[in-house]
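Open the model in your viewer and keep the selection panel within reach. We will go from stop to stop, and at each one I will say what to select and what is there.

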Amino acid sequence: MKNNVKPERAMKNMTQASLAELIGVSRQTINTIESGRYVPSAVLALKISRVFDKPVNELFELEETD
Amino acid sequence: MKSKLLLPHACRMYGLIIFIPFLVLGIAYANSGFSFSFLDFKLPEYTNDSFHGKGNLTDEITALALIVSLLMIGFSEEKVEDEQISRLRLDSLQWSVYFNYLVLALAIIFIHGLNFLSAMVYNMFTLLVFFIIRFRWAIYRENRLITNLASHEE
């Protein structure tokens, strides 16, 4: 699964730590999501979409292999 | 999302504090049969053990303390307990079960007689030990990746 969390975060001028705090996870978790090593649960994806005020499918995208 | 069936974060440190002295005691017991004489007791009839005659609780207490402390170290919440940590924990648990039984299989093949009994005794604890090592290593790896990244960004 591809994601645009990093560019969105950069646009909002947020650090990994501040995003992490807003949605109640560790900074490591944001890092693993951004680098594609971890696919978040639906709950977490929805929380991220609420912070960026964007629909989930604009932030996360399925890949051929999914 | 609170994960269930985990101990509070502080239990990890208490677990470590219990673990270290009992590890030393356990090694002393295993290597030289060290035991506290005040823990002697008369074996109950049902054990039917004419070989020993009397029992000593040093090994029982040590084994229980080691198991409890390892569980406390392995299954306490992290400072920030979230779903990604849960996944690391489950991955590590699966890995350690595989690894532990691989080690046991090797012991079955290569260790015979009374030595095998010792191997089985160690095996009671190795599952938890392997799990803790693997889990801590996975967390360490994540942390190192994030520090590398941070130094790149700056």
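**Stop 1: the end of a helix in chain B**

Begin at G33(B), which follows α1(B) and has a positive phi, near 65°. Helices here are DSSP runs (H or I, at least four residues) and strands are runs of E of at least two, numbered from the N terminus. A word on the model: it is predicted, so local features need pLDDT of at least 70 and side-chain atom pairs count only at pLDDT 80 or more, while totals for chains, interfaces and linings use all residues. Residues are numbered from 1 along each chain as its sequence is written, and chains are lettered from A and ligands numbered from 1 in the order in which they are written.

Now select residues 11–32 of chain B, which make up α1(B). This helix has 22 residues and spans 31 Å from first C-alpha to last, close to the 32 Å expected at 1.5 Å a residue (the expected span is 1.5 Å times one less than the number of residues). Colour R12(B), G15(B), F22(B) and G26(B): these residues of α1(B) are buried. Buried means 20 or more other C-beta atoms within 10 Å of the residue's own, exposed means 12 or fewer, and partly exposed lies in between, with C-beta atoms placed from the backbone. Show α2 (58–74) of chain B too, since the cover over those buried residues includes this helix.

**Stop 2: L88(B)**

Move to L88(B), in helix α3 of chain B. Is L88(B) buried or exposed? L88(B) counts as buried because it has 22 C-beta neighbours inside 10 Å. Leaving aside neighbours within four places in sequence, L88(B) is in contact with F135(B), A138(B) and I139(B) (contact: C-beta atoms, placed from the backbone, within 7 Å). For a distance check, draw a line to V24(B): the two residues are 64 apart in sequence and 30 Å apart in space, C-alpha to C-alpha.

**Stop 3: where the chains touch**

Select the contact between the chains, with 10 residues from chain B and 11 residues from chain A. On the chain B side, α3 (83–110) and α4 (114–153) each give two or more residues. The most come from α4(B), with 5 residues.

**Stop 4: helix crossings in chain A**

Select α2 (residues 16–23) and α4 (residues 42–52) of chain A, whose axes come within 10 Å and cross at roughly 115°. Axes are lines fitted to C-alpha atoms, for helices over the stretch in contact, and angles run from 0 to 180 degrees between N-to-C directions. That crossing makes α2(A) roughly perpendicular to α4(A) (65 to 115 degrees; under 35 counts as roughly parallel, over 145 as roughly antiparallel and the rest as oblique). Show the side chains: L19(A), L22(A) and I23(A) of α2(A) meet L44(A), K47(A), I48(A) and V51(A) of α4(A).

Keep α2(A) and add α3(A), residues 27–34; their axes come within 8 Å and cross at roughly 110°. These two helices are therefore roughly perpendicular as well. Q16(A), A17(A), L19(A) and A20(A) of α2(A) make the contact with R27(A), T29(A), I30(A) and N31(A) of α3(A).

**Stop 5: two loops in chain A**

Finish with N13(A), in the loop between α1 (5–11) and α2 of chain A. N13(A) is not a glycine, yet its phi is positive, about 60°. N13(A) is exposed, with 7 other C-beta atoms within 10 Å. Then pick D53(A), in the loop between α4 and α5 (56–59) of chain A. D53(A) is not a glycine either, and its phi is positive at about 55°.

Key. Two residues are in contact if their C-beta atoms, placed from the backbone, lie within 7 Å.
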